[in-house]
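Here is my notebook from an afternoon with this model. I wrote down each thing as I looked it up, so feel free to follow along on your own screen.

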Protein chains: 2
Amino acid sequence: MPDTRPKRTRTFEDVLAQLERRIADDGLTAGDRLPAERQLAEELGVSRSSVREAMRVLETLGVVTSQVGRGPDAGAVLISRPDHTLTDLLRLHLGLASLEPREVIDTRLMIERWAAARAASAAADTSALAVALAGMDAARSAEEFVEHDTAFHCAIADASGNRLIAAFMRSLRDSMRRHAVEAVEQLGDTTVLRAGHVRILAAIRAADPEEAARAVADHLADAYPSLF
Amino acid sequence: MPDTRPKRTRTFEDVLAQLERRIADDGLTAGDRLPAERQLAEELGVSRSSVREAMRVLETLGVVTSQVGRGPDAGAVLISRPDHTLTDLLRLHLGLASLEPREVIDTRLMIERWAAARAASAAADTSALAVALAGMDAARSAEEFVEHDTAFHCAIADASGNRLIAAFMRSLRDSMRRHAVEAVEQLGDTTVLRAGHVRILAAIRAADPEEAARAVADHLADAYPSLF
DNA sequence: CGTTCCTCTATGGTCTGACCATACTGTGGT
DNA sequence: ACCACAGTATGGTCAGACCATAGAGGAACG
């Protein structure tokens, strides 16, 4: 008897496993539709409540989205959006005080250094970076500035070509949005931040990975002086 | 009219918001209990189904765990386990083909270089690393080897002192477990891997961050030759 | 033939009420 | 002091109902 653990399996977990298996077996990808809740319940021999709880899990994990109504777009459609999941994850665990802001900032620094270096090596498209830069120059409030600043830094992650890194970057920014606005307001003058952005962009365009990483590190030190 | 979207809010999302607010306001942390489902339903004026769906989301995000029965340990208890969430997230999105293994490996390399360097700088406790090393020497199968190998690499992340990084590392390893076993089996001889581990451990003990990062990078190149 | 309008229907979202297994609580007997 | 047993609060599940939504499909009309 190798398995002495009773390890009760709840019904919705079984539904979850069946759905995951079905996705793998049928080779379903983003855009494909899952059967309707009532139909799934009947097929699997469970109640609709259990199916719904499984759907809620998949939705939380950014794997499906649900639309009411009728037609090709209605029902549970497979998507691929890990962003919201990570954002919720970080926000909640920050709220639970089980993660320190310092840990999040350090993680962001790690990611952004890597992404900038990678973008520089890959001769990535930098047009999104330029657009965000212009947006920051036109910003007339801290919130507006932070919005374009976020776009700039997420564009760096996008330019790295790694979607997992990019999703993580977006989530880190989103979960720290409040801190970012406060930091910008405390700073008052944003010219030093602009200089940092220009330097990062130049390094990526010059295909200089090490300079890009250094520029990012220096820029974050400017943005969060209290943490360095 | 900047916001024409009615953006319907489902009941369980409202419950989620209320719960998050309550956690923040009451300063609840891991170990504290949430009210019972029936009580929450009555307090918030919603059905128990909606409360349960919200609970399922929180459970998926690694914020609560539910125990049946009665007593101090029963009911919904706040926890702090982002590990399973991240693991599920990666596994499902890999299954959906919305993430390439290459992206996951790259992410792991980024994390582990950072963690090793940080551990070296922080003069971290390396006893867990030594234990895992001994475990690998005693391993008599690829699975067993990978198990201790995972422990070794997670110990590096733990030693960095950043719990977010550590959780991410653990999830990356878990979601790539199958690949790791295959890689070890293909490699056959594990002496080169052992040498890499010894070098990493030595660098961390010598408080040499740059050598630690280099050692990790070289080691991963040895472990996944097909990807470099 | 095309267009407009209305009805039908499948969908997710919500609620109610019930029953079950579980695991502690408390009581009563020894 | 101990033990056995009924009580009870908990999450887990189910069945069935109703609602709002939004496309599908046909009917009426030009």
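**Entry 1: the surface near DNA strand C**

I started with the make-up of the surface near DNA strand C, and I sorted its residues into seven nonpolar, 10 polar and 11 charged. For this sorting I took Ala, Val, Leu, Ile, Met, Phe, Trp, Tyr, Cys and Pro as nonpolar, Asp, Glu, Lys and Arg as charged, and the others, Gly among them, as polar.

A note on the ground rules: this is a predicted model, in which local features need pLDDT of at least 70, side-chain atom pairs count only at pLDDT 80 or more, and totals for chains, interfaces and linings use all residues. Residues are numbered from 1 along each chain as its sequence is written, chains are lettered from A and ligands numbered from 1 in the order in which they are written, and side-chain values use heavy atoms, with hydrogens and water left out.

How many residues surround DNA strand C? I found 28, and the closest are Arg38(A), Arg48(A), Thr11(B), Ser50(B) and Arg70(B). Sugar and phosphate make up 65% of the strand C atoms that come within 4 Å of the protein. I called a residue near the strand if one of its heavy atoms lies within 4 Å of it.

Next I looked up single polar contacts (a pair of N or O atoms within 3.5 Å; within protein, one must be able to donate a hydrogen and the other to accept it, and residues adjacent in sequence count only if both atoms are side-chain atoms).

- Arg38(A) has a side-chain N or O atom 2.9 Å from a base nitrogen of DNA strand C.
- Arg52(A) places a polar side-chain atom 3.1 Å from a phosphate oxygen of DNA strand C.
- Arg10(B) has a polar side-chain atom 3.0 Å from a phosphate oxygen of DNA strand C.

I then asked which elements give two or more residues to this surface. From chain A they are α2 (37-44), α3 (48-60), β1 (64-67) and β2 (75-78), and from chain B they are α1 (11-25) and α3 (48-60). My helices (H or I, at least four residues) and strands (E, at least two) are DSSP runs, numbered from the N terminus.

**Entry 2: where chain A meets chain B**

I counted 53 residues of chain A in contact with 52 residues of chain B, contact meaning heavy atoms within 4.5 Å. The buried area is about 4500 Å², with 64% of it from carbon and sulfur atoms. In chain A, Leu96(A), Met110(A) and Leu164(A) lose the most area to chain B, together 15% of what that side buries. Buried area here is the accessible area (1.4 Å probe) that two parts lose on being put together, summed over both.

I also noted 22 residue pairs in polar contact between the chains, both residues at pLDDT 80 or more. The side of chain A that touches chain B gets its largest share, nine residues, from α4(A). That side divides into 27 nonpolar, 11 polar and 15 charged residues.

**Entry 3: salt bridges**

Side chains of opposite charge can pair when their charged atoms come close. My rule for a salt bridge was a side-chain nitrogen of Lys or Arg within 4 Å of a carboxyl oxygen of Asp or Glu. I found 46 over all chains, and 12 across the interface of chain A and chain B.

One pair is Glu53(A) with Arg52(B), whose closest N and O atoms are 2.9 Å apart. Both belong to a salt-bridge network that also links Arg10(A), Glu13(A), Glu37(B), Arg48(B), Arg56(B) and Glu59(B).

Within chain A, I looked at Glu112(A) and Arg108(A), with closest N and O atoms 3.0 Å apart. They sit four residues apart in helix α5 of chain A, so about one helical turn separates them. Are the two buried or exposed? Both are buried (under 20% relative accessible area; exposed is over 50%, partly exposed in between, 1.4 Å probe, protein chains only).

In chain B, Glu43(B) and Arg22(B) pair at 3.0 Å. This bridge links distant parts of the chain, from helix α2 (residues 37-44) to helix α1, 21 residues apart. Glu43(B) is partly exposed at 42% relative accessibility, and Arg22(B) is partly exposed at 25%.

**Entry 4: Thr107(A)**

My last stop was Thr107(A), in helix α5 of chain A. Thr107(A) counts as buried because its relative accessibility is 1%. Its side chain reaches the backbone oxygen of Glu103(A) at 2.7 Å. Leaving out residues up to four places away in sequence, Thr107(A) touches Phe168(A), Leu172(A), Asn162(B), Leu164(B) and Ile165(B).
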